[in-house]
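These are my notebook entries on what I looked up, kept in the order in which I went through the chains. I begin with a helix, move on to a strand, and end with a wider view.

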Amino acid sequence: MLIICCINSGKVCNDTALISNFQADDTRLFVGLPLDVVSEDNEVVNEKAIISGLKALRLLGVEGVELPIWWGIVEKEAVGKYNWSSYLSIVELVQKMGLQVQVSLCFHASQQPKIPLPDWVSLIGESDPNIFFADRIGQRYKDCLSLSVDDLPVLEGKSPMEVYKGFFESFKSSFASFMGSTITDVVIGLGPDGELRYPSCHLAANPEDPIGVGEFQCYDKYMLEQLKQYGESNGNPLWGLGGPHDVPTYDQPPSVDTFFKDQGGSWETPYGVFFLSWYSSQLISHGDRILSLAASVLRDSSVNIAGKLPLVHTWFKTRSHPSELTAGFYNTATSDGYDEVVKMFAKNACRIVLPGMDLLDDYQRDRASPQRLIAQIKETCGKHRVHVSGQNTLVSETSDGFEEMRKNLSKENEVVDSFTYQRMGTNFFAPEHFRFFIAFVQKINQLDANAYDKAEDMGRVEAMHLGMKMG
Amino acid sequence: MSGVALEPVLHHTLRQSSPNIPRIKHRKSVPFSVNFSSRSVKIGGSLSLSFFKPNKSLSVTTCSATSTSTLPKTSESTDVIYSETFQLTRVEKAEGQICVRLNQGKDVDHWQLTVGCSLPGKWVLHWGVHYVGDTGSEWDQPPSEMRPPGSIAVKDYAIETPLRKSSGSEDGECLHEVNIDFNCNSKITAINFVLKDEETGSWYQHKGRDFVVPLVEYPRDHDNVVGAKRGFDFWPGTFGKLSKVLLKDEGPQPNAEGSVAASAGSTHANRLLEGFYEELPLVKKVPLCNTLTVTVRKSPESAKKLVYLETDLPGDVVVHWGVCRDGNKKWELLAAPLPPDTEIFKNKALRTRLQIKKDGSGAEGFFTLEKEITGFPFVLKLNDGTWLNNKGDDYFIPLPATQEENLSQEKEASISTGSPSGSVTTDEKPSIEDQEVAPTTYTDGIIKEIRNIVTDISSEKKWKTKSKETQESILHEIERLAAEAYSIFRSSSTTFLEEAVQEAEEVEPTITIRSATGSGYEILCQGFNWESHKSGRWYLELQEKAAELSSLGFTVIWLPPPTESVSPEGYMPKDLYNLNSRYGTIDELKAVVKTFHQVGIKVLGDVVLNHRCAHYKNQNGIWNVFGGRLNWDDRAIVADDPHFQGRGNKSSGDNFHAAPNIDHSQDFVRKDLKEWLGWLRKDIGYDGWRLDFVRGFWGGYVKDYIDATQPYFAVGEYWDSLSYTYGEMEYNQDAHRQRIIDWINAAGGSAGAFDVTTKGILHAVSVYSFIRVFLQYFWNVVSGWTTNVIAPQVLERCEYWRLSDPKGKPPGVIGWWPSRAITFIENHDTGSTQGHWRFPGGKEMQGYAYILTHPGTPSVFYDHLFSHYQPEISALISLRNKKKISCRSIVKIVKAERDVYAAVIDGKVAMKIGPGYYEPPSGAQHWSVAVEGRDYKVWEAL
């Protein structure tokens, strides 16, 4: 309901108590601010457009906005030296508009738009490239730190975990007056693009929508050390010397070489189980480390804490789910890879952000299945009572995509109780897109034209004269 | 013979029943004379399906307190603290029948068709015939011997014959009827007709189309022959009711022999005419307009408030009312004792019957209320059970505590047609800042308004909104803001936040409707053509059509340019303040505007802002000095057209070379134009603008004019050429529509634009291509086949695939920004007697079937409306209104192939154009044909 939502969002207003009973059954809808809403030079970009956009969203009945806060901008110059000023002014602006904020803390870098890691981290990376993930032939992924260094003192004598902790604490104190009121959710960056995964497709021809299976990323120095230890402790020291040899390259299908073969592939051999168990558990431990750290710092701020999962749906319809395996999810025809992951979120009382809610199987390559994967993850979340915030992948230009999002948000899917639409920008406000978005918002707010007309027709004859306003 | 119910029943009757229908007696026609010179006044509203049409032009009368009644007349002017007149629009329904009878006349060759109507009215039969060998659905005029006395030929395809009062209506049937005699051996294959009520201007059709009485075995599968399964689509309540057909199942009767004998000699073996009689239900809706005046006075002796209600509604009027306290809008009951004649109704409202006035001219009532009561909400109930309310909402009369607070406060709470009041900011910043303050103010106003609405809402969740108009105005504001954001993101400039934060500061809002894009459900009529100036009394002629246009379902009319002009059509304006033009005088203009307002139609003024003709020559003999009230000099003229030696800045757009182009970058020009537009709004009563030649100046200036004049609706004419390669239109017209979108964006999304792209593409889907004609001709000549014969079917272009863009959306502006697209297929320039870019002849209805079912705001051209297309156009409009297709409806294109285009709109309406085959899928939805014509078909979901 359009009007109700407007007020729901206005927690800062005192008159909201009047209608608080409407809040329960509404899906909270957020819209992402542009990734570069604050520039590399720590200035707000296009703020006039942002203001117009915020007003439009407020009128439309959107709950709030998602604000990406970048490590590389806030802690750009030196470790422990934070500059929150532009982000603070945005949060203040959003608060004045009566909207809420879902903050995403981004510990990764972005290529488009260009947002790097902190300068001092990049410098360290130049002298010690082993803080970054590496693939089989030593190619690096430099947009986030390798999960293998989480607890190693590689950053000027501090471990990444200690640096993150400082960042969380500074964030908490800088935004203290907004926490729990304007800022309702904090999404913690967990890896590449903020997602809990290995950067298994970063060298694919099209990393956003890879055609191949990707590659394992366990070849940086520290990762190999840990694999070696794991092999030795499991009585298979030879298995711990490296990743599998019989795997395809980034853009190759699983049928190339023997590891991912549907029948009799190495993934089902004892070696395969050994390697995949280790590879995936490393990822889960990493997620657990950051989320429990974030929870310990932010828990008393009465905000929801969340982490983002990727939707690795390519090759989902094969037995080996090779794309999920390289990304770090041991999810195959014989193993449920998401149960452990979701349990880890449940343990830390965190929400899961899940993208791809707009994707339809019909539009994918034949072995991919975003819809089935979403169903699996949602079911697992339901089992462990973890709430899900949905996201779309792209600014959608078809009503089909919106319809799928709406279905994912419908009553039967109570596990998804909020949604963040990605994201504001030229395409978002383009008339050919924006009207779909309006229709979408009206629909999830149960105010489609028909319902209104119905209410009007019924109301006119019966209710009107009795004074519907009499309470 | 089975399946009788679904087949056109008439065929069966023709074969089975005897011409000797005993019940029907031949009635002699007697002259019927009624004085029609005094047409009923105050015909208002429209025939939309809503219970009553929200009257958008709620007129706030000035505090003149015109009550002639029993009020204490002490110091009226100071006592009145509130006075408002509401227009009450309602529809009176009368039910009756149309009777159609086919009888044998004096011998077997002579037959008589009788059409009657059992309701009173000034009925006219609008009819034509089909001849043997006719194709298509066009009518022809009947031979003169067929025309009853009093018939008038309408153009060259139809006849209008008035129905006359019939005599022996002993059983209460057929009050009015007309007889058409004809010889069944003539070459006539069918008689087509529609019925028109001249009093209301309403057309009565059969299933949205003509009635057809076939006189031979009807070859086509048309289902609008009389006797088909449904009643009139005109009124949906009785769909599916079978009409009373006298199906005389008596087998072959003696008289049939005669028919056989007669036809034996003729070549039409199937010419077996058989009589029939059929009655079809008919509901006539007469829109009525009354007023309700509410006056609030301070009681002279106490602090009580006297509320006085006065109305000219006939009969018993019951007021259901409540009182509000503490400034909210919650209905409360009055503590006992109740006023006289007042009772409590279901413990929720108070009910008071108004006193019939002594002179019988209406009813009135007094309510005395304590001073702490801050509001008086009410609705009215008439004795036929009709409820009357204020545009879907309760009437609410604010009762301010003191005079100073007055009604302005309440005006604020109900978003309505207020005027922009000064912005309330203490910020002293340069002018850029000023431009920004207004939108902020407005949006904050809406937000506050929403808050007010919510506070009003009770726990009843179903009924939680204010009027639909509020909804629409919020939607428009959202779109405007999005457009603003869009244009900034596109140009991606970087500025600083400080300013922004200040803008977001809370400022006290003043609420007005800013978007000039109407309700979203508007249907436009272009109310003139290129010849309209010739009579010199166009305004008067149009005035007579107001009620008809309203009943056809139009909500906005575009009037011709009103200013004095060098060219008679008005597009070469000279003295902007002189509104005596070839179309009529300023007073006639005001009258026609008023008449349209009375029938609920908004009026657009055609304003030419790009150029203006000068009054005088300068010292060089150049015509560039203006006279009249706006006596600008050559600084008001752009510098880059050497013909006029302007001293202004360079033009911000394209130049129109026939007259001096105005330099809108000059502050004094803009100030003068804003004043002029404001004057047109206020003094003439225009609700909005059709902006001529907006290619000539920057869209940002248009935004300025729109913001300054707050029109209800505005549309710009941005007309440039589509992309062609060697005479063939290119498939991708994105560049063309982008230019139009860019203009709308430059205008801040505050005005719509004509969707020239859609018109152009509709042209191309099925016209003769001259290049192809030429090539074919050339080929034929060289190949020696023929010298001059070209088979048309070879050359007819069939390119309906053009109607889907690469993304599967409509290829015109409506595919990208439908709520700002005004679709049309013809206007005074493209068609009429100019014909600069005429829509392919004979394909017009395909064009209308497209634009009247698709999103965007459709505009119907006068020449088409008042032509034989009217019944079809009218049917499409009533379907659009019935199915609530709006400018934002969603189109799903299901077929875009060589010879057919088909789409489903909002899942409620399916349509196809083109000769190819399409039927909507028979899935969960049941589809029924709503309108059908040559190469198009429209279905509605049941």
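**Entry 1: a helix in chain A**

Against which elements of chain A do the buried residues of α5(A) pack? I kept in mind that I was looking at a predicted model, and I found that they pack against α3 (71–74), β4 (132–134), β5 (140–145) and α6 (160–174) of chain A.

I then listed the buried residues of this helix, which spans residues 119–127, and they are Trp120(A), Val121(A), Ile124(A) and Gly125(A). They lie on the same side of α5(A), because the arc they cover around the axis is only 145°. On the face turned away from that buried side I noted the exposed residues Leu123(A), Glu126(A) and Ser127(A).

**Entry 2: a strand in chain B**

Next I turned to strand β14 of chain B, residues 317–321, and saw that five of its five residues are buried. I recalled that in a regular strand the side chains alternate between the two faces of the sheet. I therefore sorted the residues by side, with Val317(B), Val319(B) and Trp321(B) on one and Val318(B) and His320(B) on the other, and both faces turned out to be covered.

Which strands does β14(B) pair with? One is β20(B), residues 373–382, which is antiparallel to β14(B) and joined to it over five bridges. Another is β17(B), residues 349–353, which also runs antiparallel to β14(B) and is linked to it by four bridges. I followed His320(B) to both neighbours, and its bridge partner is Val379(B) in β20(B), while in β17(B) the partner is Arg351(B).

**Entry 3: cysteines**

How many disulfides are there over all chains? Counting pairs of cysteine sulfur atoms within 2.5 Å, I arrived at zero. I also looked up two cysteines of chain B, taking buried to mean under 20% relative accessible area. Cys798(B) has a relative accessibility of 14%, so I entered this residue as buried. Cys887(B) is at 0%, and therefore I entered this one as buried too.

**Entry 4: chain B as a whole**

Finally I stepped back to chain B, which holds 20 helices and 39 strands. Of its 942 residues, 58% are buried. Among the contacts in chain B with a separation of 6 or more, 70% are between residues 24 or more positions apart. The accessible surface of this chain comes to about 37600 Å², and 53% of that surface belongs to carbon and sulfur atoms.

Terms used. Residues are numbered from 1 along each chain as its sequence is written. Chains are lettered from A and ligands numbered from 1 in the order in which they are written. This is a predicted model: local features need pLDDT of at least 70, side-chain atom pairs count only at pLDDT 80 or more; totals for chains, interfaces and linings use all residues. Side-chain values use heavy atoms; hydrogens and water are left out. Buried means under 20% relative accessible area, exposed over 50%, partly exposed in between (1.4 Å probe, protein chains only). Helices (H or I, at least four residues) and strands (E, at least two) are DSSP runs, numbered from the N terminus. Two strands pair if DSSP finds at least two bridges between them. The arc is that of the directions from the helix axis to the C-beta atoms. Contact means heavy atoms within 4.5 Å. Accessible areas come from the Shrake-Rupley method with a 1.4 Å probe; for residues, only the protein chains shown count as cover.
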